[in-house]
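Biologist: Could you take a first-year student through this structure step by step, with the reasoning behind each answer spelled out?

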Amino acid sequence: MSLLRLDGVTVRFGERAALDAVDLEVAEHETVCVLGPSGSGKSTLLRVVAGLQRADAGRVFLSGNDQGGVPTHRREVGLMFQDHQLFPQRDVGGNVGFGLRMRKTGRAEAERRVAELLDMVGLPGAQRRSVAALSGGEQQRVALARALAPRPRLLMLDEPLGQLDRSLRERLVVELRELFGRLGTTVLAVTHDQGEAFALADRVVVMRDGRIAQAGTSLEVWQRPASEFVARFLGFDNVVEATVSGERADTVWGKVPVPAGTPEGRRRLLVRPAGVRLAPVVDGLPCTVTGRTFRGDHVVVLLRPADGPELEAACGLRDAPDVGDRVGVVFRADDVVVLGGS
Amino acid sequence: MVLDRPEVDVTGKPPQGPRTASGRSRQHLRRTAVRLGLMAVPLAFFGVFFAYPVTAIVSRGLKDGGHWQFGRVGEVVIDPAIGHVLWFTTWQALASTALTLALALPGAYVFARFDFPGKQLLRAVVTVPFVLPTVVVGSAFLALLGRGGLLDELWGVRLDTTVWAILLAHVFFNYAVVVRTVGGLWAQLDPRQEEAARVLGAGRLAAWRRVTLPALTPAVAAAALMVFLFTFTSFGVVQILGGPRYSTLEVEIYQQTAQLLDLPTAAVLTLVQFVAVAVLLVVHGRTVRRRESALKLVDAARTARRPRGAAQWALLGSVLAVVALLVLVPLVVLTLRSFDGPDGYGLAFYRALASAGDNGGTFVVAPLEAIGNSLAYALAATGIAVVVGGLAAAALTRRAGRLVRGFDALLMLPLGTSAVTVGFGFLITLDEPPLDLRTSWILVPLAQALVGVPFVVRTMLPVLRAVDARLREAAAVLGASPLRAWREVDLPLVGRALAVAAGFAFAVSLGEFGATVFIARPDSPTLPVAVARLLGRPGELNYGQAMALSTILMLVCAAALLVLERVRTDRSGEF
Amino acid sequence: MNTNLRRALGAAAAVALGLPALAACGSGGSEAADGGKTVTLVSHDSFQVSDGVLKEFEKQSGYTVKVLKSGDAGTAVNQAILSAKHPQGDVFFGVDNTLLSRALDKDLFTPYEAKGLDRVPKALQADAAQHRVTPIDSGDICVNYDRAYFADHKLAPPQSFDDLIKPEYKNLLVTENSATSSPGLAFQLGSIAKYGDDGWQDYWKKLKANGVEVVDGWEQAYNQRFSGSAAGRKTKGDKPLVVSYASSPPAEVMDVKPEPKEAPTGVATGTCFRQIEFAGLLSGAKNTEGGKALIDFLLSKKFQEDMPLTMFVNPAAQDAALPGLFTKYGAKVTDPATLAPEKIAKNRDQWIKAWSSIVLK
């Protein structure tokens, strides 16, 4: 039985539906990341589960029980707010221990647990510090410890690493994943950052305009974006109109190989940058290099063909051509994805 | 634990539709019920102790033999004498407001942006006049403007019985309103906004005009309207300093009611004043709402610094000079007189206060007893004001429709209502069991609380509204019920504001005179009443004791305000 | 508003405010509970009695006295009139001859002939036929003068109304607004008694031409502007003549040690108007018997002799001895002006209006 189940949940703000008949399940000990651009309804989803927002239709089940009419404070979920919302008038220990006090945990037990959690998030002995004096990263950790303290059956994170700088973010993602694995916490997180989502989650749910655009394991979504929206949201822009016949597809870029078993007819194709290989001009689609972006271990090269949309290719640091060079382009079937829907 | 609620769908109907709709309306109902519950006490309080008595006295005036006499309204309104009063009331209020702003705005800037030794003390001191009874202030002020006063001795200028005395006294009373309302916000405006404008090429003045001024305008407007309200309804100042030739609407209402018992005329004048005050409050409400719009506020402690350069020192100096001349001198003169005994300077009058009662009752009141009475009344009034005002502020926190805003304005109305009207209203309404409170001591604190409540609401509301709703949500998610969340989150955050509100209500009721004197009460005079009685008798000892008691009253007020300065919150509203 | 609605409102408010106990003990109930042992005296702010004197009455009569005060004499009388249907207490003290008719016209009082009335001169008994009110004290409002000023200027102080319009006293007099001050009104009434309905306005025009100054209240006139009072000396008062009480000079020397030979101020005895204060049993009083006993007490020698130094008035009873302070420093006013209360009641408002337009405009 899944720990969390959403059944046709709809939330409207006036005419606009922030959530539109959303179905979602989260299994016990699973980490699910909801991914989507801002305004896609991610945060509303968390608020509905927490009981902070009423659903206009549909139901929310936790451990199989309908949560209709159950107020927030009885739902036993944890929620880490985007901007932490630490209580300014309480010190670190007071914040972390808040949920324990609400559950009438004994004083000694609560103190022990607070100390343990602060150790766990890397802030040992910070009980008496004022929250106003903490750095962003430290506030983050306190907020996490506070949310974990009452051992919620479901921990929800709203943009958990949103305001942190890049290196801290990357380190924390790893720490969090390790922590959740160790504690066996069930996690529902929302983020707009694909990297964060894929690094953290067992499963990823991509949302668009209040609907679920795609759900699957990180690998599935990454390898097989279900739609052009998902593809573009993941950062893939090599999308083109194609007519598939057999193992070939006709596009403005010329013939592109497609994986075997692709249904025939008019389709939209995605070619991942890794599947765009550079060759001598005469051996492929002739393009002009219009830009180069360094991505650490590789370079993304922007290519303009004679006709059709521009292309991105990923190549090794040493092989990257200069801006203005003329190159030929060939496509690798493994990296071609046929997109569904819009 | 997850509870299976009876309202969970058991009929197998699809989850969409009626169930959730009714659920929503149920929640809506519950929220309305909570708000109504919160508003019940303030509404009952204002209904019984304000609306009902005032309506009763007005309708008694307008009803003759059971018929409404609306013809009276027309007669009174076109009476040229009344027209004269209305005109004077309005223009002196306008002039007082303009003068107060002109003199106090530089003060607001200096208090907001400069750091100088004794600043906290000075801020408390300039607020003392605001809570002092006019009987005390009148005599102190004459020492500055009247015969043999400071101005007379220095330059031979005498301003008593001129309109200038009224205007300057109004500045004296309301200086703190502007300094606190405008200065409070000014101190929290982020100076970097102005710096950003300077970097973008605006000159110093242009940057101020384009960035700071628009941010301040609503606060200035709110302060101006409050000053206008206070001066429009001015009573004691006009009576004591203006002489018989000047009369405001409030003075006229007093005369028609208390002296001439011409209730019809008084009723019409009360209505006229109500209309004027209501209009003011509506305008005020608008500007305050606009003021709550998002401004980038920072900790006031970070924006103040020591003045630099000749110009800034000169500004500080001139503001201090104005404060000294206008606020400090009258207070100092008052204090000096209390020491100026028959045998030269000394504690003779204070000793007389302490030994009163031994002389076989020749004294008007046992003055130390009056201090005790004042403190007891003020404490009771503060308690009532904090409960009523606190609940009202809690109900008003979640901003909502017109009704709630109307309620907000209703709470302010007593500030613009004549004490005579309220006092006489009490007399004819609270006269039967179970509400025959006319002979009870509680009537005085109740009347004082009417004046204290608006201050409590005004102080608490901005703070309550500034509490981030998501903090309550965070508490709820962590397992706190709504009540618990309020206790754990709101209460600690507003605790200081509550203390400030209570302190202000305390100081205001300590100095309250009007309502106290028009209510028949068992003989336990408060400080202001005792001062008035002492002043009302001939003889040096009585006069000296009046000065000594006034000084004590002043010190108690100043002490209360100084404590407030210490606990002042960052967003402690307008006062 | 009808009574039931009122009661409902009251009950609702009491419950909502959590004041049930308070509403019950507010008053009303207490009389019932005490079995009529409390008697309530309603008066103005100036009412004063020595503790010992009141205690003695309580001991003798067995009643507990509760005193309610509010505002000045005018306010207190008007409040009593407004609450005539449900009086606040049993006895009202402090209605004077300038306000008496208004109170009598409203049937504020129940007749009662007080014990000891025979000791009160007939001249003070304004309602001798019906005894609705009992005279308790009298006081004279007269022009006071600053002895030092007139000595320094080698000028004889004025003695009469006529003197005040003489050029040698130009710009010396300060008086009070008739509309807002009871001594101010009394002084005007004195002039009306003296010059009659036709002549008084003319007198005031002359007085104005002679530089009379008008302030709103007695406090300002006496404590701020009058050069003869202790307070006025401190504030450098500039007027050596002021409208005040005949009892003001004794007050000036009270507690001054060593005792001076004479008071620093004197009284122009030809400018006096007599105010008589009355007490009456309120119609609808809950404790009629107690009220009667209280009125008897107000006329008793004990209370009458206590009054001069607590309220600076002359006792009404002839057998009450004046304190030494009064006999030594007080002025003897032999022929004060008076006016019939009915005449005052009839003309009061129009006289004040006429006075205002002459003097203030």
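Modeller: What follows is a set of questions and answers about this model, which is a predicted one.

Biologist: How many helices and strands does chain B have?

Modeller: It helps to begin with how chain B is built, and 54% of its 575 residues count as buried. Among its contacts with a separation of 6 or more, 81% are accounted for by residues 24 or more positions apart. As for its elements, chain B has 24 helices and 5 strands.

Biologist: And what percentage of the residues in chain A are buried?

Modeller: Chain A contains 9 helices and 20 strands, and its C-alpha trace spans about 75 × 45 × 35 Å along the principal axes. Of the contacts in chain A between residues at least 6 apart in sequence, 64% join residues at least 24 apart. Among the 342 residues of chain A, the buried share is 42%.

Biologist: Where chain B touches chain A, which element of chain B gives the largest share of residues?

Modeller: In this interface, 28 residues of chain B are in contact with 33 residues of chain A. On the side of chain B, the elements that give two or more residues are α1 (18–62), α20 (469–477) and α21 of chain B. That side divides into 14 nonpolar, 6 polar and 8 charged residues, and its largest share, 7 residues, comes from α20(B).

Biologist: Which helix contributes the largest share of the largest nonpolar core?

Modeller: The largest nonpolar core holds 291 residues, and the members that touch the most others are Met460(B), Ala501(B), Ala505(B) and Cys557(B). The largest share of this core is 17 residues, and the helix that supplies them, covering residues 163–188 of chain B, is α7.

Biologist: How many residues are in the second, separate core?

Modeller: Its members include Leu108(C), Tyr145(C), Val242(C) and Leu282(C). This second core is separate, and its size is 101 residues.

Biologist: Which residues does Met460(B) touch, not counting residues up to four places away in sequence?

Modeller: Met460(B) is one of the residues that touch the most other members of the largest core, and it is also one of the residues with which α19(B) meets α21(B). Leaving out residues up to four places away in sequence, Met460(B) touches Gly389(B), Gly390(B), Ala393(B), Val494(B), Ala497(B), Leu498(B) and Ala501(B).

Biologist: Are α19(B) and α21(B) roughly parallel or antiparallel to each other?

Modeller: Helix α19 (residues 443–466) and helix α21 (residues 482–511) of chain B pack with their axes 9 Å apart, at an angle of about 155 degrees. Their crossing is right-handed, and the residues of their contact divide into 14 nonpolar, 4 polar and 1 charged. Because angles over 145 degrees count as roughly antiparallel, the two helices are therefore roughly antiparallel.

Biologist: How many nonpolar, polar and charged residues make up the contact of α4(B) with α14(B)?

Modeller: Helix α4 (residues 119–131) and helix α14 (residues 309–339) of chain B pack at about 70 degrees, with their axes 10 Å apart, which makes α4(B) roughly perpendicular to α14(B). The crossing of α4(B) and α14(B) is left-handed. From α4(B) come Leu122(B), Val125(B), Val126(B), Val128(B) and Pro129(B), and from α14(B) come Val323(B), Val327(B), Leu328(B) and Leu331(B). The contact therefore divides, with Pro counted as nonpolar, into 9 nonpolar, no polar and no charged residues.

Biologist: How many of the 10 residues of helix α5 of chain C are buried?

Modeller: Helix α5 (residues 73–82) of chain C is largely enclosed by the rest of the structure, and what covers its buried residues includes α11 (249–259) and α18 (419–429) of chain B together with β1 (38–43), β3 (91–96), α6 (100–105) and α9 (182–209) of chain C. The buried residues are Ala73(C), Gly74(C), Thr75(C), Ala76(C), Val77(C), Asn78(C), Gln79(C) and Ala80(C). Of the 10 residues in this helix, the number buried is 8.

Biologist: Does Lys154(C) count as buried or exposed?

Modeller: Most residues other than glycine have a negative phi. Lys154(C), however, has a positive phi near 50 degrees, and it lies in the loop between α7 (147–152) and α8 (161–164) of chain C. Since Lys154(C) has 6 C-beta neighbours inside 10 Å, it counts as exposed.

Methods
Residues numbered from 1 in each chain as written. Chains lettered and ligands numbered in written order. Predicted model: local features only at pLDDT ≥ 70, side-chain atom pairs only at ≥ 80, totals over all residues. Core = buried A, V, L, I, M, F, W, Y, C linked by C-beta atoms within 7 Å. Buried ≥ 20, exposed ≤ 12 C-beta atoms within 10 Å, placed from the backbone. Helix = DSSP H or I, 4+ residues; strand = E, 2+ residues; numbered from the N terminus. Contact = placed C-beta atoms within 7 Å. Axes fitted to C-alpha atoms, helices over the stretch in contact; angles between N-to-C directions. Parallel < 35°, antiparallel > 145°, perpendicular 65-115°, else oblique. Left-handed = near helix turned anticlockwise from the far one by under 90°.
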